[in-house]
Each structure stands twice: as structure tokens, then as C-alpha cells.
Amino acid sequence: MTSSPLTLLEVEALAREAHEGQTDKSGRPYAEHLAAVAEGVRVRGGSPEQQAAAWLHDAIEDEALSPAWLETAALPQTVKDMVLAVTKRPGEPLEQYTARILATPGALLVKEADLAHNTDPVRLSELDAATRDRLTAKYAYVRSLLGLTAP
């Protein structure tokens, strides 16, 4: 472990490497989603810590990185807390998941940027109708639980 925190560029490189070879539901390189979420956080006024959390927001959930890695990573605790807050746990009700996001400083903006990219009409148009309809309904419900207005 390094003595100084990872820079945002180091976090980006690490996330890109960790998700190498992974694709999203439409077959696009997963790093494109991470970049879009990090940019979404940035343009919404998010801090460098929130941008770092955006790059890592799916790393634990997708098993690209382990919880043990996150625990010992040279990252501020706030980044670790946000990553853990937006990490869905198997079998966890959406209500519990969103309550954790709302209770964690900074995490709501990361999730808002994630939802914005997940509900991008161009991105959704690449999915089959059944998947698109299922995800659109799920994301609308999550937005309502988080108190977010429609994108």
C-alpha cells in the first residue's frame, strides 16, 4: 500500500484494468459505463472523491475487485464508504439499498450519475424490449426511492 492516496488518474487506470474484458448488457466495453458515470459526477459538481467512487462504483459488485482490496486501498475512507454504499448486495431489497445510499455522504450523486447513464435512451435502445422495459421500471423505482426527479 502506498503512503499517499491514489490519484484520480490512478483510480481510473485501476478501474479500467479491473474491468478489462467485461461488457455491459449491450456488449459495450464496461469501462465506457464507468467513464460516463465519472463524467456525470464531474459535470454535476462532484468532488474528486465522488469521481473516484464513480470509477469504482461497480468494482465490488461485479467482482472486478475484492472487498479486501477496497479495505486496504490507498483511498480516503469517504471514497470507500461511497463505493460500499452503492454496491448492491445479493438478495438485498431495493429499499434497504437506497436507504444506505441516502445515509452515506456523497453517495447519492454517484448513484444519480449511474442511473442517468443506465437510463440514457441511446443506451437503452440497444437492449431487447423485455430487458429495456424491466430495467426502465426498476430504475424509475430506484429514482423514486432516492427522491430523484426523472432524468
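How many residues apart do Glu39 and Arg42 lie in helix H2 (residues 30-43)? They are three residues apart, about one turn of the helix. Here a helix means a DSSP run of H or I with at least four residues, a strand is a run of E with at least two, and both are numbered from the N terminus.

A word on the ground rules. This is a predicted model, so local features need pLDDT of at least 70 and side-chain atom pairs count only at pLDDT 80 or more, while totals for chains, interfaces and linings use all residues. Residues are numbered from 1 along each chain as its sequence is written, and side-chain values use heavy atoms, with hydrogens and water left out.

**Overall build**

The protein has nine helices and zero strands, so read from the N terminus its elements go α-α-α-α-α-α-α-α-α. Its radius of gyration is 15 Å, close to the 15 Å that the globule rule gives for 151 residues, so it is as compact as a globular protein of that length. That radius is taken over C-alpha atoms, and the rule is 2.2 Å times the number of residues to the power 0.38. Along the principal axes, the C-alpha atoms fill a box of roughly 50 × 35 × 30 Å.

Of the 151 residues, 42% count as buried; buried means under 20% relative accessible area, exposed means over 50%, and partly exposed is in between (1.4 Å probe, protein chains only). The protein exposes about 7,900 Å², with carbon and sulfur atoms supplying 56% of it. Those areas come from the Shrake-Rupley method with a 1.4 Å probe. As for contacts (heavy atoms within 4.5 Å), take the ones between residues at least 6 apart in sequence: 61% of them join residues at least 24 apart.

**Salt bridges**

Side chains of opposite charge can pair when their charged atoms come close. A search of the whole structure turns up eight salt bridges, each being a side-chain nitrogen of Lys or Arg within 4 Å of a carboxyl oxygen of Asp or Glu. The table shows three of these pairs.

| Pair | N to O distance |
|---|---|
| Glu12 and Arg16 | 2.9 Å |
| Glu39 and Arg42 | 2.6 Å |
| Arg100 and Glu92 | 2.4 Å |

Glu12 and Arg16 are four residues apart in helix H1 (residues 8-18), which puts about one helical turn between them. Glu12 is partly exposed at 21% relative accessible area, and Arg16 is partly exposed at 34%. For the pair in H2, Glu39 is partly exposed at 37% and Arg42 is partly exposed at 43%. In the third pair, Arg100 is buried at 15%, and Glu92 is buried at 15% too.

**The core and H3**

The largest nonpolar core has 39 residues, and Leu56, Leu75, Val83 and Val110 have the most contacts inside it. Such a core is a set of buried Ala, Val, Leu, Ile, Met, Phe, Trp, Tyr and Cys residues joined through side-chain atoms within 4.5 Å. Elements that give two or more residues to this core are H1, H2, helix H3 (48-56), helix H5 (77-86), helix H6 (94-103), helix H7 (107-118) and helix H9 (129-146).

Which residues does Val110 touch, leaving aside neighbours within four places in sequence? The contacts are Val37, Val41, Gln50, Ala53, Ala54, His57, Met82 and Val86.

H3 itself is mostly covered, with seven of its nine residues buried. These are Gln50, Gln51, Ala52, Ala53, Ala54, Trp55 and Leu56. Their cover includes H1, H2, helix H4 (67-72), H5 and H7.

**Two loop residues**

Thr104 sits in the loop between H6 and H7 and is buried, with a relative accessible area of 14%. Its side chain reaches the backbone oxygen of Arg100 at 2.8 Å. Not counting residues up to four places away in sequence, Thr104 touches Asp81, Met82 and Ala85.

Pro76 is in the loop between H4 and H5, and at 28% relative accessibility it counts as partly exposed. Pro76 and Leu6 are 70 residues apart in sequence, yet their C-alpha atoms are 8.8 Å apart in space. Leaving aside neighbours within four places in sequence, Pro76 is in contact with Pro5 and Glu49.

Notes:
Polar contact = N/O pair within 3.5 Å; in protein donor to acceptor, adjacent residues only side chain to side chain.
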